[in-house]
Amino acid sequence: MSHARELRLVSWNVNGLRAVMKKDPSFTDVVAACDADVFAVQETKLQEGQIELDLPGYHQTWSYAERKGYSGTAVFSREEPLQVINHIGAPEADNEGRVCALEFPGYWFVDVYTPNAQNELARIDTRLAWDACYREFLVGLAAQKPVVTCGDFNVAHNEIDLKNPGPNRGNAGFSDEERESFTRLLDAGFTDTFRARHPGLTGAYSWWSYRFNARKNNAGWRIDYFLVSDDIADRVTGASILSEVYGSDHCPVELTIEL
């Protein structure tokens, strides 16, 4: 594609956008430093009108949860989207602001905050129903044009993707059911860009518990991803984890791709 250009895409679970605005560097500082073409966030934890972000040069697209102070996603893009979709038809969690899908001329960009299965897998049925619905949604979009999807998928896919796989086997985020569900998503035609670029890299995590000095000790999990349609996987030029960025229990992840 002679008209293709390299895009820099960033995704970050901010765990409360208003809180990150008060950190140093603040959220707007991080966005400016990343200089991304698209910057996606999860867990905004706010309602419409509760924040005014000054992000010159970006179109702001928001998806709010009905429940106050909970969930929520947003995408900030230099290019204005052709259309936006915020619901995927999943009755279990479709009112929680978990999807922000933007159509651009050459691709779909989909930001997602996947439901957590919770302690003792209390919400595993909701989680798996969501996964199935989300997979069907992405496959439908991919039939139209290539898809880039990013966000907090709340699962460490393989043992290499978390520091302590043994003790965590069966726990939320590393249950057989969730891992198999993520495999089904990849098998539906999507590539885990970071693992494709760094197949054997250990110690690469995007989330750390606030307990037990987990981040200091890098006892983390890789649960934040950029996936792309298999047919554009060869256009990926870089995939990285921005672990030097603080302000949340997650750090941003980044993708560069020619589209």
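I started with the aromatics: ring pairs link Trp12, Phe27, Phe39, Trp62, Tyr64 and Phe76 into a cluster. Note to self: this is a predicted model.

**Ring pairs**

I ran the search over the whole structure and got 13 aromatic pairs. I looked at Trp12 and Phe27 from the cluster. Their ring centres are 6.2 Å apart with the planes at 20°, so I logged the pair as stacked; the cut-off for that is under 30 degrees. Trp12 sits in strand β1 and Phe27 in helix α2 (residues 27-34), so this contact ties together parts 15 residues apart in sequence. I checked burial too, and both Trp12 and Phe27 are buried.

Next I pulled up Phe153 and Tyr225. Here the centres are 5.7 Å apart and the planes stand at 90°, so this pair goes down as edge-to-face. It links distant parts of the chain: Phe153 is in the loop between β8 and α4 (165-168), Tyr225 is in strand β12, and 72 residues separate them. Phe153 and Tyr225 are buried as well.

**Strand β12**

Tyr225 took me to its strand. How many of the six residues of β12 (residues 224-229) are buried? I count six of the six, so the strand is largely enclosed by the rest of the structure.

Which strands pair with β12? One is β8 (residues 147-152), antiparallel to β12 over five bridges. In that pairing I found Asp152 bridged to Asp224 of β12. The other is β9 (residues 190-192), also antiparallel, joined to β12 by three bridges. There I see Phe190 opposite Ser229 of β12.

**Cores**

I then looked for the largest nonpolar core, and it has 28 residues. Among those with the most contacts inside it are Leu9, Val148, Phe226 and Ile257. Strands β8 and β12 turn up again here, being among the elements that give two or more residues to this core. The others are β1 (6-13), β2 (38-42), β6 (99-103), β13 (236-241) and β14 (253-258). A second core is separate from this one and has 23 residues, including Ala101, Trp108, Trp130 and Val155.

**Charges over rings**

Last stop was arginines on tyrosine faces. I found the charged end of Arg67 over the ring of Tyr70, 4.0 Å from its centre. Arg215 lies over the face of Tyr246, at 3.9 Å from the ring centre.

Methods. Residues numbered from 1 in each chain as written. Predicted model: local features only at pLDDT ≥ 70, side-chain atom pairs only at ≥ 80, totals over all residues. Heavy atoms only, no water. Buried < 20%, exposed > 50% of the residue type's maximum accessible area, 1.4 Å probe, protein only. Helix = DSSP H or I, 4+ residues; strand = E, 2+ residues; numbered from the N terminus. Pairing = 2+ DSSP bridges. Core = buried A, V, L, I, M, F, W, Y, C linked by side-chain atoms within 4.5 Å. Phe/Tyr/Trp six-rings, centres within 6.5 Å; stacked < 30°, edge-to-face > 60°. Lys NZ or Arg CZ within 6 Å of the ring centre and 35° of its normal.
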